[in-house]
Structure formats: C-alpha cells, structure tokens
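Good morning, colleagues. Please turn to the sequence and the structure that I am about to show.

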Amino acid sequence: IPSHCTAYNCTLRRKIETSKLGMTFHRFPRDYGLRRKWEAALRREGFAANDGWVLCSDHFKLDEFDRDGQVCRLRPGVIPSVFNFPAHLGRVRARKTMTKQP
Ligand SMILES: [Zn+2]
C-alpha cells in the first residue's frame with residue numbers, strides 16, 4: 001500500500017494523525033499525458049511515476065477536490081500545484097526592484 005508522499009520536501013506518511021486532519025493520498029493518474037504533467041509539476045529529474053506513487057492532499061488546492069462522495073477524490077484533469085520547493089527550484093517570479101545601497 002503506497003503511503004509516502006512523492007513530493008519534494010514532503011515527508012508526510014499515512015498515519016492516524018494525518019487521516020484525522022482530513023489528509024488524503026492520491027495516486028498518479030492513469031492517463032499518460034496527465035501523468036507527465038504531474039511528473040513535471042514535481043520537478044524531479046528523470047522521474048517516472050509508477051502505480052505505487054502517491055501525492056498527499058497538501059499539494060492541491062481546496063477547490064480541486066471532489067468531496068461529494070464518501071471518498072475524497074480529485075477532480076478530473078487536476079494537476080498538483082502546491083509545493084514547498086527550495087528557492088533555486090522555484091519558478092521565476094516578477095523581479096523585485098533592486099534597491100541600490102548608497
Ligand atoms: Zn505531500
């Protein structure tokens with residue numbers, strides 16, 4: 001049973017505590033194209049997901065879940081977007097204006 005979140009810097013495992021917090025674990029999608037997008041989102045070089053890999057619910061936005069049923073699912077086509085990457089892996093953001101020191 002997969003229980004370890006694949007995301008960078010995320011060491012959450014399936015525990016009683018995490019289930020109490022409403023945390024869920026989600027397998028990689030079977031759809032090849034979507035799976036590639038998940039892998040890209042994880043930003044792991046040479047990373048190829050297998051069926052044992054999961055991501056925890058921390059990496060998805062709240063509105064990306066379908067909680068209507070008894071089981072919390074991801075909505076179709078959702079790509080994980082919430083990660084705690086170190087700065088050097090972060091996306092290029094709007095440049096901050098450099099303030100020159102006198
Ligand atoms: Zn995680």
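I shall begin with the protein chain as a whole and then turn to particular residues.

Please bear in mind throughout that this is a predicted model. The protein chain has 102 residues, and 33% of them are buried. Its secondary structure consists of 2 helices and 4 strands. In sequence order, these elements follow the pattern α-β-α-β-β-β. The accessible surface of the chain is about 8000 Å², with carbon and sulfur atoms contributing 52% of that area.

How much of the contact pattern comes from residues 24 or more positions apart? Among contacts in the chain with a separation of 6 or more, such pairs account for 55%.

Let me now move to the salt bridges. How many does the structure hold? The count is 1. The partners are Arg36 and Glu39, and their closest N and O atoms are 2.8 Å apart. That distance falls within the 4 Å cut-off applied to a side-chain nitrogen of Lys or Arg and a carboxyl oxygen of Asp or Glu, so the pair qualifies. Both residues belong to helix H2, which covers residues 32–42. They are 3 residues apart there, about one turn of the helix.

Are the two partners buried or partly exposed? Arg36 has a relative accessible area of 31% and is therefore partly exposed. Glu39, by contrast, has a relative accessible area of 8%, so Glu39 is classed as buried. The salt bridge thus joins a partly exposed residue to a buried one.

My next residue is Ser57. Where does Ser57 lie? Ser57 is found in the loop between strand E2, residues 54–56, and strand E3, residues 65–66. Although Ser57 is a loop residue, its relative accessible area is 11%, and Ser57 is therefore buried. Which residues does Ser57 touch, if we leave aside those up to four places away in sequence? They are Gly22, Met23, Thr24, His26 and Phe65.

Finally, I come to the cysteines and the matter of disulfides. The structure holds 0 disulfides. Two cysteines may be considered here, Cys56 and Cys72. Cys56 has a relative accessible area of 0% and is therefore buried. Cys72 has a value of 15%; the threshold for buried is under 20%, so Cys72 is buried as well.

To conclude, I would leave you with two points from this predicted model. One is the salt bridge between Arg36 and Glu39, set within helix H2. The other is Ser57, a loop residue that is nevertheless buried. Thank you for your attention.

Technical notes:
Residues are numbered from 1 along each chain as its sequence is written. This is a predicted model: local features need pLDDT of at least 70, side-chain atom pairs count only at pLDDT 80 or more; totals for chains, interfaces and linings use all residues. Side-chain values use heavy atoms; hydrogens and water are left out. Buried means under 20% relative accessible area, exposed over 50%, partly exposed in between (1.4 Å probe, protein chains only). Contact means heavy atoms within 4.5 Å. Accessible areas come from the Shrake-Rupley method with a 1.4 Å probe; for residues, only the protein chains shown count as cover. A disulfide is a pair of cysteine sulfur atoms within 2.5 Å.
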